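The following exercises concern one structure and are each followed by a worked solution. Please consult the sequence and the coordinates while working through them.

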Amino acid sequence: MNFIQMLNAAWRRTDSMLCVGLDPEPARFPPPLTGRADTILEFCRAIVDATAPYACAFKPQIAYFSAYRAEAQLEKLIAYIHTQYPGVPVILDAKRGDIGSTAALYAREAFERYRADALTVNPYLGTDSIAPYFAHPDKGVIVLCRTSNEGGAEVQLQRAGNAYIYQIIAQRAVKQWNANGQLGLVMGATFPKDIAIVRRIAGDKVPLLIPGAGVQGGEIRAAVQAGCTRQGNGLLINASRAILYAGNDADFALAAARAAQRMRDTIRSHI
Ligand SMILES: O=c1ccn([C@@H]2O[C@H](COP(=O)(O)O)[C@@H](O)[C@H]2O)c(=O)[nH]1
């Protein structure tokens, strides 16, 4: 089963378009977890177990592991999700982008070392820099298109002919890079009008990963109405801090579960 088939099955099975972001920050962990070995893994496993009933996917951000020399814990975490929650896609958020020879190793790192089902990539270096990820036919390649941060506009809203750069990325990704049906696009929840434009460019088969709901202020209602497909799915609406740190004491996992359930229900209510 390839990434897109896995994601479609997960949407159907869970009736959820919530993607739980795994951005562990040890300084924010509740007291029962502080100072223990493998504390990042323990925290993330507790969050995964608590939120799995409400999530269609998980998205670990690699910097939150590598900055703490916790790459081995990231490997174990992804293996844990695959074992305990088979069929739930894991998207490694690493936003890789480099020349082809180096990109080939980034692809091996994501798909062979970490066993991620999909990877976020940066298209700034063009087609030959993106090709090595698409060479893994079962894996998803989720291309940055219109990011959730304000500063993204400095590049993504430059005009080139009749279109903005982010629209050209979407067009090229759909027409040229997606020969094998592996593509997803990152579209910030903070810019719902642009989500609607990209949904029209991409059609209903390309999933949109939507970060920026929750702490960054993106509105779930607007994102769902702009990006939902005619089949009533097509989105991975990500929330990280709003779920991970919904509580800050021994009940943190329960608080995370409640936050995830609320978000899943809010997403559902706007389809
Ligand atoms: O445009 C983008 C692309 C990726 N991200 C990542 O998503 C999460 C958002 O975290 P929150 O706590 O829900 O704000 C984080 O891992 C970012 O690196 C993004 O925010 N925007």
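Rings of Phe, Tyr and Trp form a pair if their centres lie within 6.5 Å; planes under 30 degrees apart count as stacked, and those over 60 as edge-to-face. The model examined here is predicted.

**Exercise 1. Aromatic pairs**

Determine how many aromatic pairs the structure holds, and classify the pair formed by the rings of Phe 43 and Phe 252.

Solution. Step 1: the count of aromatic pairs is four. Step 2: for Phe 43 and Phe 252, the ring centres are 5.4 Å apart and the planes meet at 15°, so this pair is stacked. Step 3: Phe 43 belongs to helix α2 (residues 39–51) and Phe 252 to helix α12 (residues 252–269); with their positions 209 residues apart, the pair links distant parts of the chain.

**Exercise 2. The sheet**

State the order of the strands in the open sheet, and explain why one side of β2 and of β3 is left without a neighbour.

Solution. Step 1: the sheet has eight strands, paired in parallel, in the order β2-β1-β10-β9-β8-β5-β4-β3. Step 2: β2 (57–60) and β3 (91–96) are at the edges and have a single partner strand each, so one side of each lacks a neighbour in the sheet. Step 3: on average, neighbouring strands are turned by 30° against each other, direction ignored. Step 4: one of the pairings joins β9 (residues 208–210) to β10 (residues 235–239) through three bridges in the parallel sense. Within β10, Leu 236 is the bridge partner of Leu 209.

**Exercise 3. Helices on the sheet**

Identify which strands helix α9 touches and which strands helix α8 lies across.

Solution. Step 1: helix α9 (residues 192–202) packs on the sheet and touches β5, β8, β9 and β10, its direction making about 165° with that of β8. Step 2: helix α8 (residues 165–177) lies across β5 (140–146) and β8 (183–187), at about 155° to β5.

**Exercise 4. The ligand site**

Describe the polar surroundings of the ligand, beginning with the residues that come nearest.

Solution. Step 1: there are 15 residues around the ligand, of which Asp 23, Ser 148, Gln 216, Ser 240 and Arg 241 come nearest. Step 2: an N or O atom in the side chain of Ser 148 is 2.6 Å from a ligand nitrogen atom. Step 3: a ligand oxygen atom lies 2.7 Å from a polar side-chain atom of Gln 216. Step 4: an N or O atom in the side chain of Arg 241 is 2.6 Å from an oxygen atom of the ligand. Step 5: on its own the ligand has 470 Å² of accessible area, and the protein covers 88% of this.

Note on methods
Residues numbered from 1 in each chain as written. Predicted model: local features only at pLDDT ≥ 70, side-chain atom pairs only at ≥ 80, totals over all residues. Heavy atoms only, no water. Pairing = 2+ DSSP bridges. Helix = DSSP H or I, 4+ residues; strand = E, 2+ residues; numbered from the N terminus. Axes fitted to C-alpha atoms, helices over the stretch in contact; angles between N-to-C directions. Contact = heavy atoms within 4.5 Å. Near = heavy atom within 4 Å. Polar contact = N/O pair within 3.5 Å; in protein donor to acceptor, adjacent residues only side chain to side chain. Areas by Shrake-Rupley, 256 points an atom, 1.4 Å probe, with all protein chains shown as cover. Phe/Tyr/Trp six-rings, centres within 6.5 Å; stacked < 30°, edge-to-face > 60°.
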